[in-house]
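This briefing concerns the surroundings of a bound ligand and one loop residue. Please consult the sequence and the model alongside the text.

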Amino acid sequence: MKVLVFIEQRDRKIKSSALEALTLGAKLAGSPKDCAALVVGHQLDDSVVGKLKGYGSDTTYVVDQPELKLYNTVLYAAALEQAIKTFGADLVIGLASPMGRDLLPRLAARLDGAIVSDVTALEGGGGKIQATKPMYAGKVLAKVTLLENAKQFVTIRPNVFKAESLGTGSSTVTKLDIKLPATSLKSVEVRKGANEKVDLTEASRIVSGGRSLASAENFKILNELADVIGATVGASRAAVDSGYAPHDMQVGQTGKTVNPNLYIACGISGSIQHMAGMRTSKVIVAINTDPEAPIFKIATYGIVADLFKAVPLFTTKLKKLLEK
Ligand code: FAD
């Protein structure tokens, strides 16, 4: 089975979860010659694509043109289609990120393929692929078998699979010269969320705040804790709707799906919609004044306390501990 992995880059930096996708692709392919990576963008020299060395693929396809500097659905789809055809890919893996969710279904439809998105486990080989994906806000896990005779497409949830340098694969760069299709769709600018040190979807630690923060200013105490432990700050929808945090910080069903090693929920009740976006976090710490708050049902550690007292205390103690 030939596996092509779409590697996401932003500002010429490979996303760390793209390496998770590549490791998975290399393992499913079974041999480096049957695994290829595709990087699309501009000025993709060895300082960018060199990062893929040792992750189990013999070929790195690069489509490098000025028009591809910023993500553009139509142009990136043309690049991916060309790479699929050139490599003869049976399975294409990408990320369940805004870009991956936009791009891969487009190609699946165009090539009459089969697609499963937001996958948390993938097994099989030789065309027989079974994927696991959370459904109904994470309440059930569906096992989906992809049609064997179709081109198969999978987007994986970041931070679930492990990125491992397998020490195999020559990662030989093959430049693909493609004639980009004419399109009136232009990407003008990509704005990064002001509070995002590391993209929430890729962060290994997150400190999140809810409605109870009561003002944008009060998020300062979460930022201070986040600075000490190297975390990214998130928010519930109630906090976002109240204007305490921008929408790009929202975690949940209509926000971002996150999967960090540590998720600290501060004054968040744990609505089904919020939990849909964070329940797969490895360790969940909940701080809430209400001992009956639903968040405690999924928390690894629950602290019944006023966040305005507990969070600064945490920050001070952790700062001291980490300084030692
Ligand atoms: P609340 O539910 O008001 O909870 C505040 C919590 O803070 C309470 O548990 C309270 O006990 C505690 N508290 C109060 N004061 C303190 C204090 N000083 N210290 C500690 N604890 C304190 N929500 C999301 O988060 N993300 C989504 O993506 C999302 N999508 C939605 C989509 C739809 C279609 C709908 C209908 C809703 C969606 N929601 C989403 C909203 C969701 O239903 C909840 O309203 C929201 O998650 C509640 O946010 P919250 O926990 O901050 O606020």
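A polar contact is a pair of N or O atoms within 3.5 Å; within protein, one atom must be able to donate a hydrogen and the other to accept it, and residues adjacent in sequence count only if both atoms are side-chain atoms. The model is predicted, so local features need pLDDT of at least 70 and side-chain atom pairs count only at pLDDT 80 or more, whereas totals for chains, interfaces and linings use all residues. Residues are numbered from 1 along each chain as its sequence is written, and side-chain values use heavy atoms, with hydrogens and water left out.

**Polar contacts of the ligand**
- A nitrogen atom of the ligand lies 3.3 Å from a backbone N or O atom of T289.
- The side chain of Q273 places an N or O atom 2.8 Å from an oxygen atom of the ligand.
- At Q253, a polar backbone atom is 3.0 Å from an oxygen atom of the ligand.

**The shell around the ligand**
- The ligand is surrounded by 25 residues, of which R211, S236, T254, S269 and N288 come nearest (a residue is near if one of its heavy atoms lies within 4 Å of the molecule).
- Six residues of this shell are nonpolar, 15 are polar and four are charged (Ala, Val, Leu, Ile, Met, Phe, Trp, Tyr, Cys and Pro count as nonpolar, Asp, Glu, Lys and Arg as charged, and the others, Gly among them, as polar).

**Residue T257**
- T257 is in contact with R101, R157, T201 and G277, leaving aside neighbours within four places in sequence (contact means heavy atoms within 4.5 Å).
- Between T257 and P158, the C-alpha to C-alpha distance is 8.9 Å, at a separation of 99 residues in sequence.
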